[in-house]
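Colleague: Could you take me on a close look at the pockets of this protein, beginning with a little about the chain that holds them? I would like one connected account, please.

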Amino acid sequence: MSELSRRSLLVGATAGLAGAALAAGPLAAVATAAARTPKVLFIGLDGAGRLDRVRDADTPVLDSLMAAGITAPTSLYASPMARTESAPGWSTLLTGVWPDKHGVRDNSFSGADYGSYPDFLTRVERARPALRTYAVASWAPITERIVSAEVDTRVATPSAEYDKGTTARAVAELTGGNPDAVFVQLDNVDHAGHASGAASRAYLDALRAADAQVGEMLTAVKARASYAAEDWLVLISADHGHTDAGGHGGNSWGERQTFVLASGGGLPARTVREDVRIVDVAATALRHLGITADPARQLDGRPLQTPAADDFDALRPKLTGAVDETGVGAGVLGFTRTPPPGWSVDNSAMGGGGITEWRGWSFTTDEFWTRAAPGQQRESNVRARGVFAVADGDEWSDAATTGTFDSTLVSPAWPVPGGAPATLSFSSHYLQEGAQRAEVLVSYDDGTPVPVRTYTADAVARAETVALDVPSGARTVRVRFRYTGGNNWYWAVDGVKVTAG
């Protein structure tokens, strides 16, 4: 066993079964009380990102967690941001930032910057060193490279013991120790994916075995003498998916799939969320423990406890299937050209013809947009969530067109305090080619629009903020996103808001 901590590891026999975990009832069923001590258990299932296969498998414990809390299907980046491999996947989950920050793009760990963006357990130690932190993993690089030596206990399970040993160690800590934040990684589902593929019976069997091991850990939590005085938040996620035939690392939808399950901590039961990204796991754990992230090392994630309303996400019930696109797949609902209430699209200068889905600004999802044209950096649009807006001259030009792509997305008129500072914020994902151009313009009280930001070079996965100089006496501001080009690239925008102060 590789022992990397400054404190001793408690090792004991496993306790309980998945059935016992179910009999005890979901963690969320215990009423929250102010005096209860918040604690976090984050279990990572390597290679298990295919939530469709989890639902096909016999996984009663995961099913009970879904019934008791939040189920959030989500997706990953792909190259060139990062490969769909374990090192970038676990780095993203544990640090709460995307690969363009933590620097890990493949399993070589080259470029890693955990000094600037540490794992969430290290953040716990720095903020509240009295809390006990514990990490155990079947894949040794997690506890040897990603999780820092500041964490109280880091264990890489010996390969001869593998997931059985990892589960036993986690159960021992949960039973006999007093941990506040625990991370456990199980690896066998990934092995089944490599050996047999996600479409195989072996993959389903591996999911079932992992489910039983999760059940052992939950049974240990519920058996704690102090359980009634504790408020446990349980988080489950995966670093990547697999192709049906087996393998990962590429940009296919099967490889890019993952999910977040969250139960306890006052989260609502039987809730499906479409706005969640895997960077939210670390933010959610820290929020539950009452820890605020250092602004100098800002997380990309946001806590599940505080969902943010977004106008574009309200369009999900209006999304339809493909019209002209042939690679999206039957049954994938993912686009509309109808803007949300208060928004409009000005296509008065828009060319004719082209692919129906992208004739001017459209509203789409990651699955629909990336499956329409995989491998062209659309997968790097990681700072958008749920439904987002896209102007895609490249895909529009895949059928005969006349004129050029010239479309403007127009926001509602939002109130602003005249003469006081305000900030425009939005996520922006832009690839540049030729004479293509993207402009952000603002107008006050519906006066003349003035450019406040212009893109003429690649600007990938940006979280943008623009300080607005609100004129004295102004009462409203309206924002315009104008994209012009031809058979060039694209611009995606999401999370648009204006805040005073």
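Modeller: Gladly! In this predicted model, the protein chain is built from 14 helices and 23 strands. Its radius of gyration is 24 Å, close to the 23 Å that the globule rule gives for 501 residues, so the chain is as compact as a globular protein of that length. Along the principal axes, the C-alpha atoms fill a box of roughly 70 × 50 × 40 Å. Of the 501 residues, 58% count as buried. Among contacts with a separation of 6 or more, 76% are between residues 24 or more positions apart.

Before we go into the pockets, a word on confidence. The mean pLDDT of the chain is 93, and 93% of its residues reach 70 or more. Residues 1-26, however, have a pLDDT under 50 throughout, with 68 contacts beyond four places in sequence in the model. The pLDDT is also below 50 over residues 28-33, a stretch with eight contacts beyond near neighbours in sequence. Where pLDDT is low, the predicted coordinates should not be read in detail.

Now to the part you asked about. The largest pocket has a volume of about 870 Å³. It is lined by 32 residues, and the closest to its centre are Arg-302, Arg-383, Arg-385, Gly-495 and Lys-497. Three elements give two or more residues to this lining: strand E18 (421-431), strand E21 (459-469) and strand E23 (490-500). Of these, E23 gives the most, with four residues. By class, the lining of the largest pocket divides into 13 nonpolar, seven polar and 12 charged residues.

The second largest pocket makes a good companion to look at next. About 630 Å³ of space lies in it, and 26 residues line it, with Pro-73, Thr-74, Trp-253, Glu-274 and Glu-367 the closest to its centre. Here both helices and strands take part: helix H2 (51-56), strand E3 (70-75), strand E8 (257-264) and helix H13 (366-372) each supply at least two residues of the lining. The lining of this second largest pocket holds nine nonpolar, eight polar and nine charged residues.

If you have the model open, Arg-302, Arg-383 and Arg-385 are among the residues to find for the centre of the largest pocket, while Trp-253 and Glu-367 are among those for the second largest.

Notes:
Residues numbered from 1 in each chain as written. Predicted model: local features only at pLDDT ≥ 70, side-chain atom pairs only at ≥ 80, totals over all residues. Heavy atoms only, no water. 1 Å grid on protein atoms, 1.4 Å probe; cavity = no way out; pocket = protein on both sides within 12 Å on 5 of 7 lines; lining within 4 Å. Points joined across faces, edges and corners; volume = space filled by probe spheres on them. Nonpolar A, V, L, I, M, F, W, Y, C, P; charged D, E, K, R; others polar. pLDDT = per-residue confidence, 0-100. Contact = heavy atoms within 4.5 Å. Rg over C-alpha atoms; globule rule 2.2 N^0.38 Å. Buried < 20%, exposed > 50% of the residue type's maximum accessible area, 1.4 Å probe, protein only.
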